[in-house]
Amino acid sequence: MSIERVAIIGLGLIGGSIGLAVSEKLPKVRTSGWDFDPDVRRRAAERDLVQEVCENAGEAVGNADLVILCVPVGAMGDAAAAIGSSLPEGAIVSDVGSSKASVAKTLAEALPGAIVIPAHPVAGTEKSGPDAGFADLFNHRWCILTPGEDAPQQAVSDLAAFWEGIGAKAEIMDAEHHDLVLAVTSHIPHLIAFTIVGTASDLEDVTRGEVIKYSAGGFRDFTRIAASDPTMWRDVFLTNRDAVLEVLGRFSEDLTALQRAIRNGDGDTLFDLFTRTRAIRRQVVEQGQDDARPDFGRKDH
Ligand code: NAP
């Protein structure tokens with residue numbers, strides 16, 4: 001891998017985790033970073049998220065051969081503008097945004113002539129900020145690269161090797177396909193969690209505190225996802241609108257079919273679906289994408 005100096009713009013959960021993973025797994029690679037929030041910069045320095053926390057974006061990227069934008073999707077344009085005039089010739093610019101087609105367009109417009117290779121590590125938690133990152137976040141998780149047709153092959157290989165060096169498995173995909181796949185596997189599940197937690201909280205008056213008290217019945221697993229960062233998720237839905245609306249249409253039809261089955265006492269339909277979904281859970285665990293321990297290994301108090 002020919003990447004020796006990485007600059008990270010945005011030192012929250014994902015940016016901080018990349019910095020920590022590099023120092024643990026790629027000790028020869030130098031890291032610098034910048035975040036527009038001075039409190040985040042101070043905390044990043046205290047936690048050694050990167051070797052050099054810089055006072056401005058230009059300083060952070062000045063010597064980099066790879067720059068990774070780790071800011072909310074809606075802030076990618078501003079972050080790209082902040083590095084534009086200081087970007088070294090030949091540096092690769094990548095990002096970690098959760099939607100890809102719109103980010104690719106934003107970065108291509110903001111950085112004409114630069115080598116831009118968007119990417120998305122499919123790894124995360126519901127936490128955010130400079131205290132949330134950890135070095136093992138990407139272990140055995142996929143990182144999807146969505147290079148445009150004009151991206152140099154060597155740069156794509158170098159970026160894939162970088163992600164593999166910090167523990168991830170790299171995959172190449174078309175940006176539109178990424179957005180559809182992630183709408184199914186991530187964006188709609190989050191939307192459902194936000195909805196059910198919102199509905200339950202609206203019903204809290206009726207249930208007099210029982211929603212929280214009896215949450216171990218299933219609700220609490222939705223609350224983990226629904227605690228995710230509001231800025232990040234607002235931006236995901238605004239930038240992956242078409243794919244989300246397409247999958248949401250299909251989901252609404254399936255929900256209506258279940259509603260009909262329940263109303264008609266059609267136990268076979270319910271049983272068949274639940275048998276199918278149980279098998280999917282087994283596959284997720286078998287492929288190492290979750291923990292098979294009861295309650296996801298969580299301690300019960
Ligand atoms: P985060 O913890 O909130 O970190 C983002 C950081 O970027 C914050 O410190 C933020 O400061 C800073 N920032 C915002 N605008 C900026 C700008 N224009 N220039 C420089 N810094 C800026 O968020 P995250 O979870 O790491 O998410 C970062 C990106 O990763 C998002 O695009 C998200 O879609 C993607 N992603 C997230 C996950 C996940 O599970 N969280 C997983 C995969 C990919 P303030 O907080 O002060 O605004």
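So, the lining of the second largest pocket: helix H5, residues 101–110, and strand S6, residues 115–116, each supply at least two residues of it. Keep in mind that what we're looking at is a predicted model.

How much space lies in that second largest pocket? About 290 Å³. There are 18 residues lining it, and the closest to its centre are Val116, Pro118, Pro147, Gly148 and Asp150. And what's the mix? Of the lining residues, 13 are nonpolar, three are polar and two are charged.

Just a word on how you find a space like that. You roll a probe the size of a water molecule over the atoms, and that shows where empty space is left.

Okay, let's zoom out to the domains. The protein is divided into two pieces: domain 1 runs from 5 to 173, and domain 2 from 177 to 265. Each one puts 15 residues into the contact between them. If you take the C-alpha centres of domain 1 and domain 2, they lie 29 Å apart.

Now one residue I'd like you to find on the screen, Ser215. Where does Ser215 sit? Look in the loop between helix H9, which is 210–213, and helix H10, which is 219–226. Is Ser215 buried or exposed? Its relative accessible area is 15%, and buried means under 20%, so Ser215 counts as buried.

And what does its side chain meet there? A polar atom of the Ser215 side chain lies 2.9 Å from the backbone oxygen of Ile212. Ile212 belongs to the stretch 210–213, so that's helix H9 on the other end of the pair.

How values were computed
Residues are numbered from 1 along each chain as its sequence is written. This is a predicted model: local features need pLDDT of at least 70, side-chain atom pairs count only at pLDDT 80 or more; totals for chains, interfaces and linings use all residues. Side-chain values use heavy atoms; hydrogens and water are left out. Helices (H or I, at least four residues) and strands (E, at least two) are DSSP runs, numbered from the N terminus. Buried means under 20% relative accessible area, exposed over 50%, partly exposed in between (1.4 Å probe, protein chains only). A polar contact is a pair of N or O atoms within 3.5 Å; within protein, one must be able to donate a hydrogen and the other to accept it, and residues adjacent in sequence count only if both atoms are side-chain atoms. On a 1 Å grid over the protein atoms alone, a cavity is a set of points where a 1.4 Å probe fits but cannot get out, and a pocket is an open set with protein on both sides within 12 Å along at least five of seven lines; lining residues have an atom within 4 Å of a point. Grid points are joined across faces, edges and corners, and a volume is the space filled by probe spheres set on the points. Ala, Val, Leu, Ile, Met, Phe, Trp, Tyr, Cys and Pro count as nonpolar, Asp, Glu, Lys and Arg as charged, and the others, Gly among them, as polar. Domain bounds come from an automatic or database domain assignment. Contact means heavy atoms within 4.5 Å.
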